[in-house]
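Colleague: I am new to this structure and would like a short tour. Could we go through it together?

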Amino acid sequence: MYRMFASVSQKQLIVALKKSCTQTKYFNTWQRCSFSSQKEPPSLGVKQESVTSFPPLTEPIPNLPKAIYSTAKEEHQTTQITVLPNGLKVASENRFGQFCTIGVLIDSGPRYEVAYPNGISHFLEKLAFGSTNTYSSKDEIMLALEKHGAICDCQASRDTFIYAASAQRRGLDLVTQVLGDVVLRPQITDEEVQIAKQTVQFELESLHTRPEQEPILMDMIHAAAYKSNTLGLPKICPEKNIEKIDRKTLHTYLKYHYIPSRMVVAGVGVEHEDLVHVVNKYFVDQKPIWEEQTDLILPNNENNVDGSTAQYTGGYVSEECNVPIYAGPSGLPELSHVVIGLEGCSHHDSDFVAMCVLNMMMGGGGSFSAGGPGKGMYTRLYTNVLNRYHWLYSATAYNHAYADTGLFCIHASCTPPHVKEMVEVIVQEMVAMSNGVTDNELARAKKQLQSMLLMNLEQRPVAFEDIGRQVLATGSRKRSEYFIQAIEGISKDDINRVTRRLLKSPPCMAARGEVKTIPSLSDVQSGLVDAQGRLPGSRSRLSLFR
């Protein structure tokens, strides 16, 4: 609407409104309407005696000049990739604007910590942007970045570690210097390690008091799905390991995992040649701290990077407790949480896009989520679960995809007396994923996934992460057009196929809270192979009000 009126002056609009108001005979009762704050209706710049009626919203306003639309097209952007002689990849995409986002993505994370105390990545998150060979403290780094309006962040996932900063384009050299220092030349002093230990300890204590339990439950369901291997290793540092992690352990881990062949430096909003130049300057010409100070490395330690493939096992992990711990004073309801998962697919798999569409079709959220069409309120976990059972507080589907495997799961929470019924409902929805998929339902899920993809990629930091993750995983980048077409090509048969694939795998389950009455894993597995999704001994139909 805004674009249609862009070429129409205010005077022309008023004249057109005057003509249309006097020529049409709609809304004749307008002058008889009463207003709480005024006796006469607003004139909208038109003399009161000429306002007799308003045109309907279903018809265009007459007598308007023909709208002139813009024909300008955005320049096609391409992702440029350069592989340096030492194996370090540099990827960038130039965009118009005053600011840029630059970062380092590393093939690192909890899945590689099998030979180390679990929790290394958790500690490195807390130690990020600390003292380096060039900067004596985090405050000094923040002051340097502030001169270019920069903000920085560090995030660890199970298989990727990201250091990133957004700043004005003229700050490219300084930002790259900071990133090179924090990645390859961190001091990680004993004082900083001690502060990180206190921070991690506080975070562990606060996690148990929060009503949202996703961080803990995601660790638990991965531990159940990949028992004692790769992706099953915890992302959150176990309390028993806090005192085991010291300066030398951290530097030893960095030496073998933060190497050029496992890294990508990505940028959005920068010239590719300029980025390659500064990366050579700060990531290649300057040596890492562990090469200059060999005493930082643990003795008799060989390159022990875990290169094993994730092994999906299935299994059950539970913790009997109160969630949250201090529910009384806070006024929050005490809930029981259950996650049921099945083996999914990797992001290299041909079924990856179909699995994403299925995840969008299942959707879900909390019982008090705001929004309407387009925000998930018509997904299956809303219409079939949250809108039917008043004792369910949340039900959400997740699709985790990694380089060699994947995990598709549903997380639900309810009041403790209904744990058994909640598991039955989730199992029935998993079995029914391929049943009765309508054209409208599939089209809605595909359009929602496409719109989320395009809207997210409008944000510069998201585009940076997309470039970096794709180049790190595959050495190249597929643009959004490729995925839009792939999503559009998904059919009902594809949804049925990936659903059958999911249901063939043994289930995994994680439970936290008051979960004494939860069905056994063998009962859940029996329910997943039943045509109706019924667990042994369950009723044929659940009551909506029990």
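Modeller: Certainly. Please bear in mind that this is a predicted model. Let us begin with Tyr 482, which is partly exposed, because its relative accessible area is 43%.

Colleague: And is Phe 483 buried or exposed?

Modeller: Phe 483 is buried, with a relative accessible area of 19%. The cut-off for buried is under 20%, so Phe 483 falls within that class.

Colleague: How are the rings of Tyr 482 and Phe 483 arranged?

Modeller: Tyr 482 and Phe 483 form an edge-to-face aromatic pair, with 5.1 Å from centre to centre and 85 degrees between the planes.

Colleague: How many aromatic pairs are there?

Modeller: The count comes to 8 aromatic pairs. One of them joins Phe 161 and Tyr 163; this pair is tilted, at 5.2 Å centre to centre and 35 degrees between the planes. Phe 161 and Tyr 163 are both buried.

Colleague: Which residues share a cluster with Phe 161 and Tyr 163?

Modeller: Phe 129 and Tyr 258 do; together with Phe 161 and Tyr 163 they form one aromatic cluster.

Colleague: Now the sheet. In what order do the strands come?

Modeller: The 6 strands form an open sheet in the order E1-E2-E6-E3-E5-E4, with mixed pairing. Strands E1 (80-83) and E4 (151-156) are the edge strands, each pairing on one side only. Neighbouring strands are turned by 15 degrees against each other on average, direction ignored.

Colleague: How many bridges join E4 to E5?

Modeller: There are 6 bridges between E4 and strand E5 (residues 161-168), and the two run antiparallel. Ile 151, for instance, stands opposite Ser 166 in E5.

Colleague: Which helix lies across E1 and E2?

Modeller: That is helix H8 (residues 272-284), which lies across E1, strand E2 (89-93), strand E3 (99-106) and strand E6 (263-268). H8 runs at about 150 degrees to E2.

Colleague: Let us change topic to H11 and H17. How do their axes cross?

Modeller: The axes of helix H11 (residues 352-362) and helix H17 (residues 492-504) come within 9 Å and cross at roughly 90 degrees. The two helices are therefore roughly perpendicular to each other.

Colleague: Which residues make the contact?

Modeller: H11 contributes Ala 354, Met 355, Val 357, Leu 358 and Met 361. From H17 come Asp 494, Ile 495, Val 498, Thr 499 and Leu 502. By class, the contact of H11 with H17 has 8 nonpolar, 1 polar and 1 charged residues.

Definitions and conventions:
Residues numbered from 1 in each chain as written. Predicted model: local features only at pLDDT ≥ 70, side-chain atom pairs only at ≥ 80, totals over all residues. Heavy atoms only, no water. Axes fitted to C-alpha atoms, helices over the stretch in contact; angles between N-to-C directions. Helix = DSSP H or I, 4+ residues; strand = E, 2+ residues; numbered from the N terminus. Parallel < 35°, antiparallel > 145°, perpendicular 65-115°, else oblique. Contact = heavy atoms within 4.5 Å. Nonpolar A, V, L, I, M, F, W, Y, C, P; charged D, E, K, R; others polar. Pairing = 2+ DSSP bridges. Phe/Tyr/Trp six-rings, centres within 6.5 Å; stacked < 30°, edge-to-face > 60°. Buried < 20%, exposed > 50% of the residue type's maximum accessible area, 1.4 Å probe, protein only.
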